[in-house]
Amino acid sequence: MGMNLEIGSSDKSNGASLAVSWQNETRLAEQWARVRACLLAEVGEVEYRTWLKQVSFAGLAGDEAVVMLPTRFLRDWVNKEYGELIAEFWRQVNPAVKRVEFRAGAPSARPAAPDLAEPAQPALAATPKRQEPVSALDQRFTFETFVVGKPNEFAYACARRVAEAPATPGFNPLFLYGGVGLGKTHLMHAIAWELAARPGGGRAVSVAYMSAERFMYRFISALRSQSTLEFKNELRSVDVLMIDDLQFLIGKDNTQEEFFHTFNALVDAGKQIVISADKSPSDLSGLEDRLRTRLGCGMVADLHATTFELRYSILEAKAQRAGVEVPAKVLEFLARKITSNNRELEGALNRLVAHANLFSRQVTLDTAHEVLHDVLKAHDRKISIQEIQKRVCEHYNIRLAEMSSARRAQNVARPRQVAMYLAKQLTSKSLPDIGRHFGNRDHTTVMHAVARVTELAERDAAFAEDIELLRRMLET
Ligand code: ADP
Ligand code: MG
């Protein structure tokens, strides 16, 4: 996507670099007209008039098409929402264009492109017509690529069920919730793909998938252009409506109201609704009560924080799909270290794979450390020694003060050693640093604790399991 540069703020924006011969200019103006025709065909009249009509073309700078918008707000908005689309159409009409740069300012005085009284030419044959939901769906997010484990098996089963038989009583609405990166969007796309791939015969199921944010902007643009009726009708004509990240509607009262009505109309008409949010309906404070009530009426399924096993399986599946051999040791290392969410996990693996391909090198534990240095560091910071101490005390049912006390009775000394051991394993703190957190103990005491716990864990399977459990609880 283009960078946001103000006119005059960079070398690229000086007049010379934008200068083009007259002949070129005519050709470019024609191309711009085609880009606009494609945009119009793609987004429809209403959206086009609301957002895109004000985009003007300033010229070509190297491989960048420079377009102008009258205000910074519009520039940022159009760039964010349509930047990729505009760039895509530019690349189609003129392969020399690689990127589009969005600038704010008055359109230049050069001759404008032919206006679009009507689409100058039919949209390019290759242009995908924006079809709900297909344009918005990620091809990788299917049921086949979704790895099922304890934390997500229920949500997965519900999603499967909805994809097989939309609008089954008890499953409508389907409300999926869970923290960032746990697979909500993936499951929603999977449902949509599954429905889209249904063997013909019956009428094709029409699915509309969009984020709550997108819902809001479409609603607002409809209000502006006085086309709310079209908007309503369009939404109410689908068989399955999916709204992702519903929490975005908190505090957006008008949009919530509109959504509530759409929701009711669809459910009453026997259509399926699928919603995702970061919290359960009852915890989504700021949502209107009546909406909250209706949201909780169908099936509510949560995606729990990942476990080591799930993370490991996800990595294994993704490495296999990428066709790169990643040793089990490395998978295990990543699954232990990167515990926040699946997105980061995937990102880390992708980097490893890219690195391996780029340098034709095998993936090893060393390369993993090297390539993922920054990610791993960020993760180390996440678990604090205090947290470890708290967990360990809860687990062994002793007072937090015992972590720093001088008592040597085994029922407190052993948990203290376990906490030291975990602090060494799960944080990047040095031995002296760890010692300080445990009543200013010497670093040799910490070293001794680590050695002792390691040794015990090797001898005593129950103890090892205990440690593993604590580690997992801390990591998730
Ligand atoms: P959310 O919408 O809950 O924030 P996403 O669905 O966007 O999370 O998932 C983030 C990333 O992790 C995506 O790339 C997704 O494919 C991947 N992912 C999440 N859960 C799984 C899973 N169970 N199996 C495979 N990939 C997963
Ligand atoms: Mg999501």
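Visitor: Before we look at helix pairs, what are two packed helices described by?
Guide: By two things: the angle between their axes and the distance between the axes. The angles run from 0 to 180 degrees between N-to-C directions. Keep in mind that this is a predicted model.

Visitor: OK, so at what angle do H6 and H7 pack, and how far apart are their axes?
Guide: H6 and helix H7, which covers residues 228-236, pack at about 145 degrees, and their axes are 7 Å apart.

Visitor: Which residues meet there?
Guide: H6 brings Phe215, Arg218, Phe219, Ala222 and Leu223. On the H7 side they meet Thr228, Phe231, Glu234 and Leu235. By type, that contact divides into 6 nonpolar residues, 1 polar and 2 charged.

Visitor: What does H6 lie across?
Guide: Helix H6 (residues 212-224) lies across S5 and S6, and runs at about 95 degrees to S5.

Visitor: Tell me about that sheet, then. What's the strand order?
Guide: S5-S6-S7-S4-S8, an open sheet of 5 strands with parallel pairing. Strand S5 (207-211) and strand S8 (299-303) are the edges, each pairing on one side only. From one strand to the next, the twist averages 15 degrees.

Visitor: How many bridges join S5 and S6?
Guide: There are 5 bridges between S5 and strand S6 (residues 240-244), in the parallel sense. Take Met210: its bridge partner in S6 is Ile243.

Visitor: And which strands does H5 touch?
Guide: Helix H5, residues 184-196, packs on the sheet and touches strand S4 (174-178), S5, S6, strand S7 (272-277) and S8. Its direction makes about 160 degrees with that of S6.

Visitor: Switching to cores: how many residues are in the largest nonpolar one?
Guide: It has 29 residues. Leu39, Leu52, Val78, Tyr82, Ile86, Trp90 and Val100 are those with the most contacts inside it. The elements giving two or more residues to this core are helix H2 (22-52), strand S1 (56-61), strand S2 (64-69), helix H3 (72-93) and strand S3 (99-104). Another core, of 28 residues, lies apart from it and has Leu235, Ile275, Leu287 and Leu291 among its members.

Visitor: Last one, Thr427. Where does it lie?
Guide: In the loop between helix H16 (410-426) and helix H17 (431-437).

Visitor: Buried or exposed?
Guide: Thr427 counts as buried because its relative accessibility is 6%, and the cut-off for buried is under 20%.

Visitor: So what does its side chain reach?
Guide: The Thr427 side chain reaches the backbone oxygen of Ala423 at 2.6 Å. It also reaches the backbone nitrogen of Lys429, at 3.2 Å.

Methods: Residues numbered from 1 in each chain as written. Chains lettered and ligands numbered in written order. Predicted model: local features only at pLDDT ≥ 70, side-chain atom pairs only at ≥ 80, totals over all residues. Heavy atoms only, no water. Helix = DSSP H or I, 4+ residues; strand = E, 2+ residues; numbered from the N terminus. Buried < 20%, exposed > 50% of the residue type's maximum accessible area, 1.4 Å probe, protein only. Polar contact = N/O pair within 3.5 Å; in protein donor to acceptor, adjacent residues only side chain to side chain. Pairing = 2+ DSSP bridges. Contact = heavy atoms within 4.5 Å. Nonpolar A, V, L, I, M, F, W, Y, C, P; charged D, E, K, R; others polar. Core = buried A, V, L, I, M, F, W, Y, C linked by side-chain atoms within 4.5 Å.
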